[in-house]
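Please open the model in your viewer and keep the selection tool at hand. This tour goes from one charged side chain to the next, with a short stop at each.

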Amino acid sequence: MGIRSTTATLVCMALVATGCGSDEGAGDDPTEVSTASPEDTPTVSDTETADAGGGTLTVAISSDPGSLNPAITTSGAVHTASETFFNGLVALDADGAPVPELAESWEIADDGREYTFTLRDDVTWHDGEPFTADDVVFTFEEALLQLHARTQASMGSALESIEATDDHTVVFRFTEPYAPLLQQLNVTEAPILPEHVYGDGTPLEEHPANTAPVGTGPFVFESYTEGSEIRATANPDYFKDGPFLDGLVMRVIPDEGTQLLSLESGEVDFLWGVPGPDLARLEEDPAFVLESTPSNPGGANCIMTISFNLERPITSDLAVRQAIGHALDRDRFVDQVLFGQGQVAEAPISSGIPWAHAPDVELPTYDVDEARRLLDEAGWVEGDGGVRSKDGETLTIDFVHFPTFSKYGELVREQLGEVGFDVELVALEPPVFGPTVFAEDDFDTNVISYCNGPDPEIGVRRMYDSALIGDVPFTNAAQYSDPDVDRLFEEASQTVATEDRSPIYAEIQRIVAEDLPYMWLVETVGTRAWSARCEGFQPHTGLFAESARCSDA
Amino acid sequence: MSARYLLRRLAQVPPSALLILVVTWLLLHLAPGDPLIALAGQYGDEAYYTAMRERFGLDQPLPQQLATYLGNVLQGDLGTSYVRGRPALSVVAERLPATLLLASTALVLSTTVGVALGVLAARLGGGRADVSVRVSTLTLYAMPAFWLAQLAVLGLAYRLGWFPIQGMTDARRSLSGLAAVGDVFHHLLLPAAVLAAGELALNVRLVRTGLLEAARSDYVRTARAKGAPGHRVLYHALRNAMLPVVTVLGNRIGMFFTGAVLVEVVFAWPGVGRLLLTSAQSRDLPVLLAVFLVVAGAVLVVNLLVDLLYTRLDPRISYAARD
Amino acid sequence: MRPVTDAVPAPAADVAARAAGVRAASPTSRRGRPELRRPAVLATPGGVLGVVLLTSAVGLALLGPVVVGDRPFASVAAPLQAPSAAHVMGTDDLGRDVLTMVVHGLRTSLVIAVGVVAIAGVIAVCVGALAGSHPGSLDDLLMRGTELVQVVPRFFLAVVVVALFGARVSNVVLLLGVTSWTWTARVVRAETLSLRQRAFVEAARSFGAGQTYILRRHIAVSVLPTALVMLSVCASGAVLIEAGLGFVGLGDPDVVSLGSLASNAQRFLRSAWWLTLFPGAALLILILGINLVGDALGDAGSARLGPVGLGSTR
């Protein structure tokens, strides 16, 4: 740390000398410094420069967020651009374990139905108001449980009450034991808003503070130019160590090719994703650092999954689904679509939830002969042009996908074509995809990135629970219904101890791997890339730049 | 005469705009799909979706939604963006200056440089030069904008480093005053040049043809015979040659907007083109409609202006005879 | 500018200027230009080049599949191979042959061009001829409608329609067809109007020929060359719009689109130049071919429409 600070001092001096230093004065006040890192203060001047001289970081983001309020949406664009202004009650470390953030400690009642959080008393909002338990209650009641779809859907029905027993204590009560709560309180799932700003009666979706957010996070909002950039300065009163940067600029660059060229030419310092083809080249270049993580602001532990419409004649036949499973060479998806940024899915639950992941489950493996044999047996005989048919009907299926997932469609079409399918690709934007697949059930097969989240209760159960067959998007697309699976999910959600939940989820995975309502293709990861002049990122969280610093090398 | 004509043209604008609005609105609302998904994300439950539908008035019958919408439009209210929760018109208005700056710079570039090169090309005379001018301008004209943009970014910005790669400003510096203007100008040049290229080629062609025609015409011959100075002759000839340039210009303003969409994507230019793409993807219908109205409106207005310019350039034109 | 052409490209610029009612602006079209009055497209070097380019593009699209096969999406080799004897344009990220994809992409472009021209041509000739032969309220009404359609930003509308109704080639053809006829209609109307006044039509009328007969036999035939020029403009515009849609990721996934190929190539700009070069060049050749041929047609047309040429119209 000492060496680093010295380096920073030198760099800072150099900057001042050449006159191209940062223009903002944030963090220059020595009084801020003493609160920021009390345990690590070799000399006053050293610490001061450590806090003030971290440079300005420029980050490329792919889409214009429109709003900077992460509590009222699950939109990845909004979360990417806004989480850094806020905090959750707890944070999740790189392994997904909860660690204190706004809450310094918590207690869980023995029956698993009551959680008591003790909040920090030294936190202030960016406008100087103190942070209290009322803010937490307000955020859950008015924002998260109303408008944050993931938190609303998973926690909403089980929550009995949420109460501030004093200024710094919050109690969550549930109607039945509720295991996954601690995984759902980070800044992605439950960012906390200030009541004194958002609680003025204006509907939250139209609140002016949505484009001028006030939070507790490491960076203070400075300006937002629609379609162009968001600027922020370091929060001098941040309750954790840091931030060390002077400021942060998030630049909207929609085209990933342009993003990469901007990184290489030094116009930006940090990318949330790297175009696959350039991965290897960038990895070898010492000017850049790459790191992979299964977490994204839009959700964690995602598996690209093919859903079969179990109500359609062709795909309702298990043999056909198995044949499709055997016809797919999933390694090629990893190599040619993801360029190695991911791995073949070994089980229905992501390996990112190790205690629930069951790698010994048997999924269909790549075996073209087996696929052909299964189709022959099912009565689909090869005809003209290689397309199979049965009773005068050809083996034609559609494959519905987001335009961004077109590569998956192209590979599926090619690989299924090998064994006699005629696959018709249908590219639909998300707002059209949702109703087409879930309300109208108008598809044979489709591909969805099902994000499992940090707990199977959050992102896995929705795919299989027969109660979730219906119009609600991104739930049970296959229309799969099995009473045993329903019962097992219920049991797992009410079991508190992780080691007791593991075997239940293993049993679920065994059953669904046999029934094959879905085919799990690949687990995807995000790869962040940054300029080697910067360091100290935490790529797995929305507060990625909390402890980062940049030098002008 | 021309004032009456322009008044008549002006009177045609509102009904045209209204009809375009209604047709587009119907098209958007009859299409399959549901803006809710964009609003609510992929994890909501039934009650949540119902509540969201009510909040945004999406549960009412279509005719009622249309009537409400038209009523609001007449009062200058184009609705509230589903995604942003702000008035759609202000969302578009914020993005419009960037596109206008890009398009008007491209317009100026293509006209000034195009006319200048056209005059030069005319000096080459007809015959052999004709083929090379024709083929080279048509080649530039035929180049897809996105392709040219890719090549320009890769070559001029990335490899040679003459221009910034993306954006409208330098993200690292907060500049003010003259320095800020210079910074924007530096960022503007390359995308504007790419956007202008095709139009420029067209103008070279038109001016050159016009001047060659004029050189053969009686009035230029007479002027020359009378010993008028060369620049005066050129002025008169150019004035005539400019007429097709102006006509074409008026009718291509919509296309500048179109080209702007592709150029904005490649250069990360924060204009309405990208707003169109993102709001189409998220089905933010009020914003989509607002973009439409604004662009169509701009085209109408520029057409009017071109008509005005015309009367100044060529007094021979009788507007009563038009249309 | 270029890609996506809401109006008139170079070849047709003077024709367009005339259509806008600026007869005086374009002495070209009416005055005799002996050195340019050539009988056919092939008479100018530009026209020859245009025919060569267009023929090679069309030939590649029509006959290419015989050589490269009709499965453009099949993976045939290792991914991202540079051009070689086996794969003259290299292979893409899924190991598909780029030549095969370019051939099929050209087919898609042709389908778009022909489809749009067919729809737009029919509408334009009907509207233009009707308006031109019925001066007065019908003409007024039709021209109001034409102006209305003319201000619709076509690419903007196409983005919306494709995003909402799905990226099908048929959707694109239909949309562009019903929005691309306006310039042609104005040209047809202008020519019809002026031909009505001309001696040979008067003569036909005095012989007792009916309105429909006159329209069909004389006006329609005389107007055809000019209309063809405008339709060539329409064709290159449509091809570029479809490519633009492909480039922003809104192409039909079931067919190969040159724009989608260029968009895919965007990710490989640094690592696989052949992915962007060949589809872009194919597009350039096709558009340039159409434009040069249209250009030559315009010359031939304006010559034919001149005082002498008119009399010898078929």
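**A tour of the salt bridges**

Begin by selecting C:Arg189, which is buried, with a relative accessible area of 9%; bear in mind throughout that this is a predicted model. Now add C:Asp139, whose side chain meets that of C:Arg189 in a salt bridge, at 2.7 Å from N to O. C:Arg189 belongs to helix H8 (residues 182-197) of chain C and C:Asp139 to helix H5 (residues 137-151) of chain C, so the pair ties together parts that are 50 residues apart in sequence. C:Asp139 is likewise buried, its relative accessible area being 6%.

Move next to chain A and select A:Lys240 together with A:Glu546, whose side chains form a salt bridge of 2.7 Å, N to O. Here distant parts of the chain are linked, 306 residues apart: A:Lys240 sits in the loop between strand S9 (229-234) and strand S10 (247-252), while A:Glu546 sits in the loop between strand S25 (534-535) and strand S26 (549-550). A:Glu546 counts as buried because its relative accessibility is 7%, and the cut-off for buried is under 20%.

For a pair within one helix, select A:Arg510 and A:Glu507, which lie three residues apart, about one turn, in helix H18 (residues 498-515) of chain A. Their closest N and O atoms are 3.0 Å apart, in a salt bridge. A:Arg510 counts as partly exposed at 38% relative accessibility, and A:Glu507 also counts as partly exposed, at 30%.

Finally, select A:Asp64, A:Glu226, B:Arg86, B:Glu94 and B:Arg95, which are linked in a network of salt bridges. Over all chains, the count comes to 40 salt bridges.

Definitions and conventions
Residues numbered from 1 in each chain as written. Chains lettered and ligands numbered in written order. Predicted model: local features only at pLDDT ≥ 70, side-chain atom pairs only at ≥ 80, totals over all residues. Heavy atoms only, no water. Salt bridge = Lys/Arg side-chain N within 4 Å of Asp/Glu carboxyl O. Helix = DSSP H or I, 4+ residues; strand = E, 2+ residues; numbered from the N terminus. Buried < 20%, exposed > 50% of the residue type's maximum accessible area, 1.4 Å probe, protein only.
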